[in-house]
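Got the model open in your viewer? Keep the selection box handy, and we'll walk through it stop by stop.

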Amino acid sequence: MSTREESSEAAIALADSYCVKAEKLRVMRQGMPHGDKRDEIFQTEKEYLRQADRLYSLAIIIMGNESDKAIKAIHSAAERIVEFIKIVNNIERLLAASAAILGIGVAIQSGSAPAILAAIKVFVEAIRDPDKEVEDIGAETLAELEQVKRENSVMLNQAGG
Amino acid sequence: MRTEVKLGLTLGFILLSACASKEPVKKFATTTDDFVKSFNGFASKAKSTCQLKYKYMELDKGKNYNGDPDAGEFKKECDGYDSSYAVLQVYSNTVSTYASSLGKLAGLKSDVFNDEIDNVSGQLGKLKASGGETVDEKAVAAATKLIKSAAESVTGVIVDSKIKKELKSNHDDLVIVIGDMKRFANKIYSKNLHVADNYTESVLEQLKKLSYVPGGKDQFTTILASGTEKKKIEDALGARLPYRMLQAEMYKDKLLIAQENKALTAFMNSCDALVKAHKDLRDDFGELSDKEMLEKIKEFYEKVKDARENFIVLHS
């Protein structure tokens, strides 16, 4: 059974063979006087080149189909990374917000420091599990931080009157 | 040395040691951008390069010939490349998007923190105005900076881990995609250049033969002389000049093909180099093992706890 990779290779090999045929005619035609015979060879030679070009351009399309899975996988990876960047940005933003509130929280000794440490602890514990996906770690930390943000905001509002 | 300074230094050290250098990943992204531009150049010229051979071939055909480049018969050839160009663009978009997302990931910066520190001062003012407890502004700023370092370190470790994972899981697919780009360059584009060059050779050979001036009686000069004003042989001595000068034109065309071939070879080498760079990143990025990274995180966590306790002592 032929593999998909062999299809584009076969198309290229066939195209190459047409190029060889055209080249033979080109060389033969060079020494011939102009006239019907030369024109006839010229047309055949051109047709061989056309066949080769059709096969080459087709080979590119076949190649794309053969590698469809790899292309999609790389595309998905890029999308996954961009989504991940959004999560990290959110974590950073929330950590920053929590840090700002924590500064005041500690200052008024209202005990909000353990909250942010709890969020970091979630991260530490999550990463301890080697089977855990990085995205899950990010999402869990994010969820925990959102909770910290809510609690701290309430605390700050109460403290600030 | 003040406590927060010492802690700041410690956290800074952890930050450095817990996170792998992302510079090679950023460099990989920018280099790939150049690689993709180079590929796009070849992809967009695939059709016109294919048409080159027909252009030179036409010069050698019988009967009528129209030298208008816009009206050339060769323009009707190689339509198949219109469809395949879309596929070539998919390849370049795929590699470009992947490398750029990796570059963005490696280039993440925690610059939001600076604004947040200013924000603390604003909130402090609010507290004071509302008659809240007396607070030490310097102490608050110190606490915020400590947590800022901690937060940067946490996200830094997450990002490292993600980069490492993506480099590992995408390498084999990237090898296939880059391999296809190289096959297009090596087996198709290169072939078209080679065939076009053969046809320039045919034309050049004919021009060289026509450039020959015989030593004795020259029928060609005689015929051309009949078309000059004074109908003198001396006035037609430049009969072969056009052929000789056109040789230079053909040599220029051949040079362009040779230069394109050279660029193509460089591109094919960069395909190999890109795959190797990705492999090296995959194998070497983040020198810390999972176990070592865990140790660093634990250490970091302990330091954050210390930071808080020290801060409270400092405040009281």
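Start by selecting B:Cys78: with 25 other C-beta atoms within 10 Å, this residue counts as buried, because 20 or more is the cut-off. B:Cys78 sits in the loop between helix 3 and helix 4 of chain B. Check its backbone too: phi is positive, about 70°, although the residue is not a glycine. Keep in mind throughout that you are looking at a predicted model.

For a counterpart, jump to B:Lys231, in the loop between helix 7 (219-225) and helix 8 of chain B. Phi is positive here as well, near 55°, in a residue other than glycine. Buried or exposed? B:Lys231 has 11 C-beta neighbours inside 10 Å, so it counts as exposed.

**Zoom out to chain B**

Now colour chain B by secondary structure. You'll find nine helices and zero strands. Of the 316 residues in this chain, 35% are buried. Turn on contacts between residues at least 6 apart in sequence, and 87% of those in chain B join residues at least 24 apart.

**Helix 2 of chain B**

Select residues 23-44 of chain B, which make up helix 2. Its 22 residues, at 1.5 Å a residue, should span 32 Å, and the end C-alpha atoms are indeed 32 Å apart, so expectation and model agree. Next, highlight the buried residues of this helix, among them B:Val25, B:Phe28, B:Ala29, B:Phe35 and B:Phe39. The buried set covers an arc of only 135° around the axis, which means these residues lie on the same side of helix 2 of chain B. An α-helix has 3.6 residues a turn, so residues three or four places apart point the same way. Rotate to the other side of helix 2 of chain B and you meet exposed residues: B:Glu23, B:Thr30, B:Asp34, B:Lys37 and B:Gly41.

**The core**

Which residues touch the most other members of the largest nonpolar core? In this core of 71 residues, they are A:Ala59, A:Ile74, B:Leu102 and B:Val177. Helices of both chains each supply at least two residues, including helix 1 (4-30) and helix 3 (68-107) of chain A, and helix 2 and helix 8 (241-284) of chain B. The largest share, 19 residues, comes from helix 6 of chain B. Domain 1 (4-66) and domain 2 (73-160) of chain A each give the core at least three residues.

Click on B:Leu102 and show what it touches: leaving out residues up to four places away in sequence, the partners are A:Ile81, B:Val25, B:Phe28, B:Ala29, B:Ile163 and B:Glu166. Three of those names, B:Val25, B:Phe28 and B:Ala29, are buried residues of helix 2 of chain B.

**Two distances to try**

Go to B:Gly107, in the loop between helix 4 (80-106) and helix 5 (112-129) of chain B. Draw a C-alpha to C-alpha line to B:Ala71: the two are 36 residues apart in sequence and 51 Å apart in space. Then pick A:Glu66 in helix 2 of chain A, a buried residue with 20 other C-beta atoms within 10 Å. A:Ser7 is 59 residues away along the chain, yet the two C-alpha atoms are separated by 8.5 Å.

**Last stop: confidence in chain A**

Colour chain A by pLDDT. The mean is 76, and 53% of residues reach 70 or more. Among the elements of chain A, helix 2 (residues 36-66) has the highest mean, 96, and helix 4 (residues 113-128) the lowest, 53. Over residues 107-112 of chain A the pLDDT is below 50. Where pLDDT is low, the predicted coordinates should not be read in detail.

Key. Residues numbered from 1 in each chain as written. Chains lettered and ligands numbered in written order. Predicted model: local features only at pLDDT ≥ 70, side-chain atom pairs only at ≥ 80, totals over all residues. Helix = DSSP H or I, 4+ residues; strand = E, 2+ residues; numbered from the N terminus. Buried ≥ 20, exposed ≤ 12 C-beta atoms within 10 Å, placed from the backbone. Contact = placed C-beta atoms within 7 Å. Expected span 1.5 Å × (residues − 1). Arc of directions from axis to C-beta. pLDDT = per-residue confidence, 0-100. Core = buried A, V, L, I, M, F, W, Y, C linked by C-beta atoms within 7 Å. Domains from an automatic or database assignment.
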